[in-house]
Amino acid sequence: MTMDAATAVSDQGKQDLPAGDGASLSLKDRIARDLGQRILAGTYAQHAVLPTEAELCVIYGASRTALRDALLTLSAKGLIEARKRAGTRVRVSSEWNRLDAQVLEWMRDIEPDLDFVRGLIEARLVIEPAAAQLAAKMATSGDLAVIEAAYEAMRIAPEDDLAACLDADVRFHTAILRASRNPVFANLGNMLAAALSFSFRLTTSATANYQQTLSAHGDVLEAIRMRRVDDAHDQMKALIGIASNDLLAVARKGRHQQPVPTASADPI
């Protein structure tokens, strides 16, 4: 990319820094967000070399200091790497830290990466049924109260209030991970809260029957509360299966994808 080309797109670059929450973001954060979203969306493909610092300064109307700070942010999240005499290159997607809360926020505003969401579903199918099984054994009365409070918040949240539904849904699942009394699962709950929120934002909005989803959460709660260990495992697996089906609905509206993992061997 030449300086002339950079100058030609400078206005477009500046327009691509949204003002929605810009009042609370510095210029370097807005640059990081814009470049990050372009990388995540494939505008800058894996292994691609970004424009030079001078060109990016023109594109974003930024100082070298602001730009370098933005690039450091992207580097820390595994999106790019700088090499002497080779420029700044986009790293392969397997090295991106997509569980970073800020990266997940950027992903929320671009076309859904259904491969990533599929990966979340696969991870949940392994982790959460086992956590529910342990919770049925190990949960204290305090743990059960937290899980039940999250379920009640889901139950009373208006179906059209997606933020309230998501908040309660995430609290329900992370509470079960903590109630397992497994320190690794508990830490995963803290780490995956933002990732689960991202996944739920897609699947909850696609759910054709919210009451079915709510009922499935209630079944999980009841199995844990009644100490039915195997049932807690199976009910959680069934609940995540609903999310898998919902994700298929998203996939049908978007680009063609391979089948999403399901909680049973039966084809969807």
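## A walk through the chain, starting at Asp113

Aspartate 113 sits in the loop between H6 and helix H7 (114–138). The model you're looking at is a predicted one, so everything below is computed from it.

Let's stay with that loop residue for a moment. Aspartate 113 has a relative accessible area of 18%, and because the cut-off for buried is under 20%, aspartate 113 counts as buried. Its side chain is busy in two directions. One polar contact, 2.5 Å long, ties the side chain of aspartate 113 to that of arginine 98. The side chain of aspartate 113 also reaches the backbone nitrogen of aspartate 115, at 3.2 Å.

Now hop over to the partner. Arginine 98 belongs to the loop between strand S2 (87–90) and helix H6 (101–108). So here a residue from the loop ahead of H6 pairs with one from the loop between H6 and H7, through that 2.5 Å polar contact. Is arginine 98 buried or exposed? Arginine 98 counts as buried, with 16% relative accessibility. Setting aside residues up to four places away in sequence, arginine 98 touches Leu40, Ser93, Val103, Leu104, Met107, Asp113 and Phe116.

Some of those names come back when we look at phenylalanine 198. You'll find phenylalanine 198 in helix H10 (residues 183–206), and at 7% relative accessibility it counts as buried. Beyond its neighbours within four places in sequence, phenylalanine 198 is in contact with Leu104, Met107, Arg108, Phe116, Val117 and Leu120. Leu104, Met107 and Phe116 are also among the residues that arginine 98 touches. The C-alpha atom of phenylalanine 198 is 9.9 Å from that of valine 170, and these two residues are 28 apart along the chain.

Helix H7 has a buried residue of its own to show: alanine 132 is found there. Alanine 132 counts as buried, at 0% relative accessibility. What does alanine 132 contact, leaving aside its neighbours within four places in sequence? The list is Ile176, Ile224, Ala232 and Met236. Alanine 132 and leucine 221 are 89 residues apart along the chain, yet their C-alpha atoms are separated by 9.1 Å.

Here are those two C-alpha pairs next to each other.

| Residue pair | Separation along the chain | C-alpha distance |
|---|---|---|
| phenylalanine 198 and valine 170 | 28 residues | 9.9 Å |
| alanine 132 and leucine 221 | 89 residues | 9.1 Å |

Time to step back and take in the whole chain. There are twelve helices and two strands. Reading from the N terminus, the elements go α-α-α-α-α-β-β-α-α-α-α-α-α-α. The chain has 268 residues, of which 46% count as buried. Of the contacts with a separation of 6 or more, 70% come from residues 24 or more positions apart.

Helix H3 (residues 27–40) is a good one to look at next. At 1.5 Å a residue, its 14 residues should span 20 Å, and the end C-alpha atoms are indeed 20 Å apart, so the two agree. H3 is mostly covered, with eleven of its 14 residues buried. Among them are Asp29, Ile31, Ala32, Leu35 and Ile39, as well as Leu40, one of the residues that arginine 98 touches. What covers the buried residues of H3? The cover includes H4, H5, strand S1 (80–83), S2 and H6.

Two of those covering helices also meet each other. The axes of helix H4 (residues 53–60) and helix H5 (residues 64–76) come within 10 Å and cross at roughly 105°. That angle makes H4 roughly perpendicular to H5. On the H4 side the meeting residues are Glu53, Ala54, Leu56 and Cys57, and on the H5 side they are Arg64, Leu67, Arg68 and Leu71. Sorted by class, this contact has five nonpolar, no polar and three charged residues.

Finally, a few backbone angles are worth a glance. Just after H3, glycine 42 takes a positive phi of about 90°. Histidine 47, in the loop between H3 and H4, has a phi near 75°, a positive value in a residue other than glycine. Arginine 85 is not a glycine either, but has a positive phi of about 60°. Arginine 85 lies in the loop between S1 and S2, and it is exposed, with a relative accessible area of 85%.

Terms used. Residues numbered from 1 in each chain as written. Predicted model: local features only at pLDDT ≥ 70, side-chain atom pairs only at ≥ 80, totals over all residues. Heavy atoms only, no water. Helix = DSSP H or I, 4+ residues; strand = E, 2+ residues; numbered from the N terminus. Buried < 20%, exposed > 50% of the residue type's maximum accessible area, 1.4 Å probe, protein only. Polar contact = N/O pair within 3.5 Å; in protein donor to acceptor, adjacent residues only side chain to side chain. Contact = heavy atoms within 4.5 Å. Axes fitted to C-alpha atoms, helices over the stretch in contact; angles between N-to-C directions. Parallel < 35°, antiparallel > 145°, perpendicular 65-115°, else oblique. Nonpolar A, V, L, I, M, F, W, Y, C, P; charged D, E, K, R; others polar. Expected span 1.5 Å × (residues − 1).
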